[in-house]
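Please work through the following exercises with the sequence and the model side by side, trying each task before reading its solution.

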Amino acid sequence: MKLFLAIRQWFYTVFSFCCFLCLAVELTVAGFFILTIGGSTEEHKKKYHRLLQRRTRFVISHIPGTTFSYKNPVGETFEKPAVIISNHQSHLDLAAIMMLTPNLVILTKDWVWHNPFYGIIIRYADYLPVSDMEQMLPKLSALVEKGYSVMVFPEGTRSPNCKIQRFHRGAFYLAEQLKLDILPVFIDGFGKVLPKTSFHLHPGEMTLEVMPRVAHDDPSQGDYREKARKLHRVYLEKKR
């Protein structure tokens with residue numbers, strides 16, 4: 001029985017990795033034709049973002065041996081730009097966030113932006129490295145004017161044990177500077193399917209839940225430091 005489970009786990013991992021490579025090639029080629037050959041117009045950028053949303057939705061919904069549940073009890077449409085935040089458990093988290101809306105710019109670590117496998121996809125999508133948020137403010141402001149939301153993982157890195165880590169304040173400062181609501185998203189189970197310390201996929205259940213917005217002009221929420229503390233407590237309670 002243990003041998004069967006080990007073989008199944010190995011098969012799931014190899015199969016998913018091959019699918020990931022095919023997807024990376026497809027999105028790179030599509031980006032070349034849509035944005036490099038076709039021209040980096042706003043219409044073409046939107047087309048590319050819609051393609052990203054469709055492909056990542058398919059990937060997350062079809063990981064072998066897993067089930068995926070999407071919860072949106074607040075009826076969020078993602079039409080109004082916001083700073084989207086989420087806890088961070090796995091490499092799969094990025095794809096899960098990308099499936100929410102095509103109108104999305106994700107702030108990534110520098111190594112992700114330069115990754116040889118999917119870095120070019122990140123750059124085609126106008127995702128930005130998070131290393132210098134102050135310098136990015138004008139560009140982010142312009143993207144928000146076009147209807148894009150900005151996504152940041154406030155923990156800064158994947159949790160090795162799926163517990164909620166300390167929240168950095170950058171996402172909340174960004175929301176304050178851009179006068180945007182904060183839109184919390186909670187993920188669960190992704191770190192068990194693909195743990196930070198493992199290269200193998202594991203069977204399991206994954207859940208993504210959209211939580212209520214925090215209005216940028218709500219005086220009861222305090223400044224960006226207080227919002228960071230309050231929302232960190234919200235995530236700690238969700239994880240219990």
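The exercises below move from the whole chain to the sheet, then to one strand, the core and a loop residue.

This is a predicted model, in which local features need pLDDT of at least 70 and side-chain atom pairs count only at pLDDT 80 or more, while totals for chains, interfaces and linings use all residues. Residues are numbered from 1 along each chain as its sequence is written, and side-chain values use heavy atoms, with hydrogens and water left out.

**Exercise 1. Describe the protein chain as a whole.**

Solution. Begin with the secondary structure, which comes to nine helices and seven strands; helices (H or I, at least four residues) and strands (E, at least two) are DSSP runs, numbered from the N terminus. Next take the radius of gyration, computed over C-alpha atoms: at 18 Å it is close to the 18 Å that the globule rule gives for 240 residues, so the protein chain is as compact as a globular protein of that length. The rule itself is 2.2 Å times the number of residues to the power 0.38. Finally, 48% of the 240 residues count as buried, where buried means under 20% relative accessible area, exposed over 50%, and partly exposed in between (1.4 Å probe, protein chains only).

**Exercise 2. Work out the order of the strands in the sheet and place two helices against it.**

Solution. The seven strands form an open sheet with mixed pairing, in the order 1-7-6-2-5-3-4; two strands pair if DSSP finds at least two bridges between them. At the edges are strand 1 (66–71) and strand 4 (128–129), each of which pairs on one side only. Helix 6 (residues 133–145) packs on the sheet, where it touches strand 3 (104–108), strand 4 and strand 5 (149–152), and its direction makes about 170° with that of strand 3. Helix 9 (residues 224–239) lies across strand 2, strand 6 and strand 7 (204–210), running at about 25° to strand 6. For these angles, axes are lines fitted to C-alpha atoms, for helices over the stretch in contact, and the values run from 0 to 180 degrees between N-to-C directions.

**Exercise 3. Which strands pair with strand 2, and is strand 2 enclosed or open?**

Solution. On the side of strand 6 (residues 181–188), five bridges join it to strand 2 (residues 82–86), and the two run parallel. Within this pairing, Ala 82 has Asp 181 as its bridge partner, and Ile 84 has Leu 183. Strand 5 also pairs with strand 2 in the parallel sense, over three bridges, and here Ile 84 stands opposite Met 151. Turning to burial, five of the five residues of strand 2 are buried, so the strand is largely enclosed by the rest of the structure. Ala 82, Ile 84 and Ser 86 lie on one side, and Val 83 and Ile 85 on the other.

**Exercise 4. Find what Leu 140 and Ile 164 touch.**

Solution. Contact means heavy atoms within 4.5 Å. Leaving aside neighbours within four places in sequence, Leu 140 is in contact with Val 105, Leu 107, Leu 128, Val 150, Leu 174 and Leu 178. Ile 164, found in the loop between strand 5 and helix 7 (170–178), is buried, with a relative accessible area of 12%. Not counting residues up to four places away in sequence, the residues that Ile 164 touches include Asn 87, Phe 186, His 232 and Tyr 235.
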